[in-house]
Amino acid sequence: MPKTLDKRPSATLPTLPGAAILLRTRRLLFWAFGAALVYGLLGVASKGGCPGGFTGGGGYLNADGQPTDVAPQCVNLTLQPSPTIFAVIAIVTLVAISRVLKSADSEAAAIRTLNKAVIVIVAIVGAWIVISQVSFWMIPITDWDGTGSFFIPFSFGAVNVDISPMNGG
C-alpha cells in the first residue's frame, strides 16, 4: 500500500503536489519570525540604583549616609535580547526543513516534523523570556556600595552596565 496522508486534504488546498508541506513550511517561518519579534519586544528590561543621595544643603551622601563632596556612583543595568536565541530559532527552522528534505518518508511525517519545530521554537523562546527576566531582576543591585566594578552573575540575556556619577542635587 503506498504511503498516503493520515487525513484527506482540504478542498481549499491547491492541487500542487506537496502543497500541504509548503503551507506548513510557511507556517513554520511565520512562527519563527513571530517568536523572534516577541522575544525582541519582551526580552528587554532596565533598572538602576545609586548608593547614597543628597543632603538638604545640596551636597552628596555616600553609601553609609555620610556627607561627601564627591558625587556617588550610580549603576544602570539594561537587559537586551540575547543573540543566541535568534540563532537558535534559525537553527531549529533550518534543521526542521533539512530533516523534512532528508528523512521524511511521507507528507504526514513531514508535516509532523514541521509542527514539532514550531512547538520547540515557541517553548524555547517562552522559557528564555521568563528565565532571562527572572535572572535579570535577581541581580543584587542593592549590594553594590558604589565603589569598584559591578559584578553580574550569569544572566540569560545581554546585560549592559553603565556606571556614572549621580546627577542633580
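Which residues does Asn 76 touch, not counting residues up to four places away in sequence? In this predicted model, Asn 76 lies in strand S5, which spans residues 73-80, and its contacts beyond that sequence window are with Lys 47, Gly 48, Asn 160, Val 161 and Asp 162. Asn 76 is also 6.5 Å from Ile 163, C-alpha to C-alpha, although the two are 87 residues apart in sequence. With a relative accessible area of 34%, Asn 76 is partly exposed, because this value falls between the 20% limit for buried residues and the 50% limit for exposed ones.

The packing of two helices was examined next. The axes of helix H2 (residues 83-103) and helix H3 (residues 107-137) come within 9 Å and cross at roughly 170 degrees, and the two helices are therefore roughly antiparallel to each other. The residues of this contact divide into 14 nonpolar, two polar and one charged; among them, Ile 85, Val 88, Ile 89 and Arg 99 belong to H2, whereas Leu 114, Ile 121, Val 125 and Trp 128 belong to H3.

The largest nonpolar core has 17 residues, and those with the most contacts inside it are Leu 28, Ile 89, Ile 121 and Val 125. At least two residues of this core are supplied by each of helix H1 (19-42), H2 and H3, with the largest share, seven residues, coming from H3. Leu 28 touches Thr 93, Ala 96, Ile 97, Leu 114, Ala 117, Val 118 and Ile 121, when residues up to four places away in sequence are not counted. A second, separate core of nine residues includes Leu 79, Ile 139, Ile 141 and Val 159.

Definitions and conventions: Residues numbered from 1 in each chain as written. Predicted model: local features only at pLDDT ≥ 70, side-chain atom pairs only at ≥ 80, totals over all residues. Heavy atoms only, no water. Helix = DSSP H or I, 4+ residues; strand = E, 2+ residues; numbered from the N terminus. Buried < 20%, exposed > 50% of the residue type's maximum accessible area, 1.4 Å probe, protein only. Contact = heavy atoms within 4.5 Å. Axes fitted to C-alpha atoms, helices over the stretch in contact; angles between N-to-C directions. Parallel < 35°, antiparallel > 145°, perpendicular 65-115°, else oblique. Nonpolar A, V, L, I, M, F, W, Y, C, P; charged D, E, K, R; others polar. Core = buried A, V, L, I, M, F, W, Y, C linked by side-chain atoms within 4.5 Å.
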